[in-house]
Amino acid sequence: MLVRLAPLIFVLLWSTGWIVAKFGAFHASPLLFLVIRFSLAIVVFAGICLASGAKWLESRRAVLHAAVSGVFLHGIYLTGVWWSIAHGVPAGISGLISALQPLMTAVAAPFLVGERLVGRQKIGLGLGFLGILIAIAPKLAATDASAIPLIPVLVNVAGMAGVTYGSIYQKQHLHSGDLRTIALLQYAGAVVFLAPLAFFFETPHFDNSLAVWLTMAWSVLGLSAGAIALLLYLLRRGQVSQAASLNYLVPAAVALQAWVLFGEALTVPIVAGAAVAAVGVYLTTRRRETAA
């Protein structure tokens, strides 16, 4: 049952990250918020590991690999997304950039982990990207390109490249080991990476309001614990390209949540694009009945 429900639950949880990032920007500076979030995630996973008797990784090399993967999966990725949104990148543009990850992964995976996509999966990746373009094309057309800051866009792209390589790195070097312990070490690596950046390159701001702590609570429990645990589970069970293709559904899920929570328009292109992207994800992730 978990195998079938995990991708859907992951998309629903992961898609809230864009809303949380936009809302959190009103109450705290992005890097400081993430340092606190990662630190609290360490506490959460330490408690989970102690309470459930999770096993420590067998070698120092595995510990190092877990920490390094955390730098890419959490540190570089979330820093890129949160910082860029806080510095003026529209949600639609950021959503399109996030949809580049499956294509980045499909290009890199054959060289780095030897994954070969069959024709059906290649078509699925193409359909997924086409669906994203259909969904956000009207918003992109209505956006003044000159008003989009170039540096934050490049930082956002760097963040997506970080999570792409982090997913592949995880597949390369962490074939086994307790996922609870791996998650703990990944957040430790992210804190070591991000804390100096927050200290030297950001004017810290945290308004200590109820709103920011509620945002923090969801970021830690819903995203850093729930969504990341599911991502590690999906990476362990399947191809990195399959797990990455789920990002095609994220922008549509964000649009749906914005419609429910904030009354934003749910347009025909968004619905049509989501349908095309869903077909693409199905083709990419559906298990083959016979070996390649």
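Which residues of helix 2 are buried? They are Pro30, Leu31, Phe33, Leu34, Val35, Arg37, Phe38, Ala41, Phe45 and Cys49. That list is a friendly way into this predicted model, and the sections below start with the whole chain before coming back to helix 2 and its surroundings.

## The chain as a whole

The chain holds twelve helices and zero strands. Read from the N terminus, its elements run α-α-α-α-α-α-α-α-α-α-α-α.

Of the 292 residues in the chain, 48% count as buried. If we take the contacts with a separation of 6 or more, 93% of them come from residues 24 or more positions apart. The chain exposes about 13,700 Å², and 72% of that area is supplied by carbon and sulfur atoms.

## Helix 2 and its cover

Helix 2 covers residues 30–52, which makes 23 residues. From its first C-alpha to its last it reaches 32 Å, close to the 33 Å expected at 1.5 Å a residue. Just after helix 2 comes Gly53, with a positive phi of about 70 degrees.

What lies over the buried residues of helix 2? The cover includes helix 3 (60–86), helix 8 (179–201) and helix 9 (210–237). Arg37 is one of the buried residues here, as are Phe33, Phe38 and Phe45.

## Helix 1 and its distant partners

Two residues of helix 1 are worth a visit. Phe10 lies in this helix, which spans residues 2–24, and Val11 lies there too. Phe10 has a relative accessible area of 2%, so it is buried. Val11 counts as buried because its relative accessibility is 5%, under the 20% cut-off.

Both residues have partners far along the chain. Phe10 and Leu231 are 221 residues apart in sequence, yet their C-alpha atoms are 7.0 Å apart in space. Val11 and Val250 are 239 residues apart along the chain, with 5.9 Å between their C-alpha atoms.

Which residues does Phe10 touch, not counting those up to four places away in sequence? They are Ala227, Leu230, Leu231, Leu234 and Leu246. With those up to four places away again left out, Val11 touches Leu246, Leu249, Val250 and Ala253. Leu246 thus appears in the contacts of Phe10 and in those of Val11.

## Around the start of helix 8

How many salt bridges does a search of the whole structure find? The search finds one. The side chains of Asp178 and Arg180 meet in a salt bridge, with 2.5 Å from N to O. Asp178 counts as buried, because its relative accessibility of 16% is under 20%. Arg180 has a relative accessible area of 30%, so it is partly exposed.

Thr181 is found in helix 8. Is Thr181 buried or exposed? With a relative accessible area of 1%, Thr181 is buried. Its side chain reaches the backbone oxygen of Lys55 at 2.7 Å. Leaving aside neighbours within four places in sequence, Thr181 is in contact with Cys49, Ala54, Lys55, Trp56 and Leu57. Of these, Cys49 takes us back to helix 2, where it is one of the buried residues.

## Helix 7, inside and out

Helix 7 runs over residues 150–173 and includes Ser167. This serine has 4% relative accessibility, so it counts as buried. The side chain of Ser167 reaches the backbone oxygen of Val163 at 2.9 Å.

Leu150 is also placed in helix 7, but it counts as exposed because its relative accessibility is 58%, over the 50% cut-off. Leu150 joins Ile151 and Leu154 in a nonpolar patch on the surface. Together, these three residues have about 320 Å² of accessible area.

## An unusual phi in a loop

Where is Asn208? It sits in the loop between helix 8 and helix 9. Its phi is near 60 degrees, a positive value in a residue other than glycine. Most residues other than glycine have a negative phi. Asn208 counts as exposed, because its relative accessibility is 53%.

Methods. Residues numbered from 1 in each chain as written. Predicted model: local features only at pLDDT ≥ 70, side-chain atom pairs only at ≥ 80, totals over all residues. Heavy atoms only, no water. Helix = DSSP H or I, 4+ residues; strand = E, 2+ residues; numbered from the N terminus. Buried < 20%, exposed > 50% of the residue type's maximum accessible area, 1.4 Å probe, protein only. Contact = heavy atoms within 4.5 Å. Polar contact = N/O pair within 3.5 Å; in protein donor to acceptor, adjacent residues only side chain to side chain. Patch = residues over 30% accessible without salt bridge, like charges linked within 9 Å, V, L, I, M, F, W, Y side chains within 5 Å. Areas by Shrake-Rupley, 256 points an atom, 1.4 Å probe, with all protein chains shown as cover. Salt bridge = Lys/Arg side-chain N within 4 Å of Asp/Glu carboxyl O. Expected span 1.5 Å × (residues − 1).
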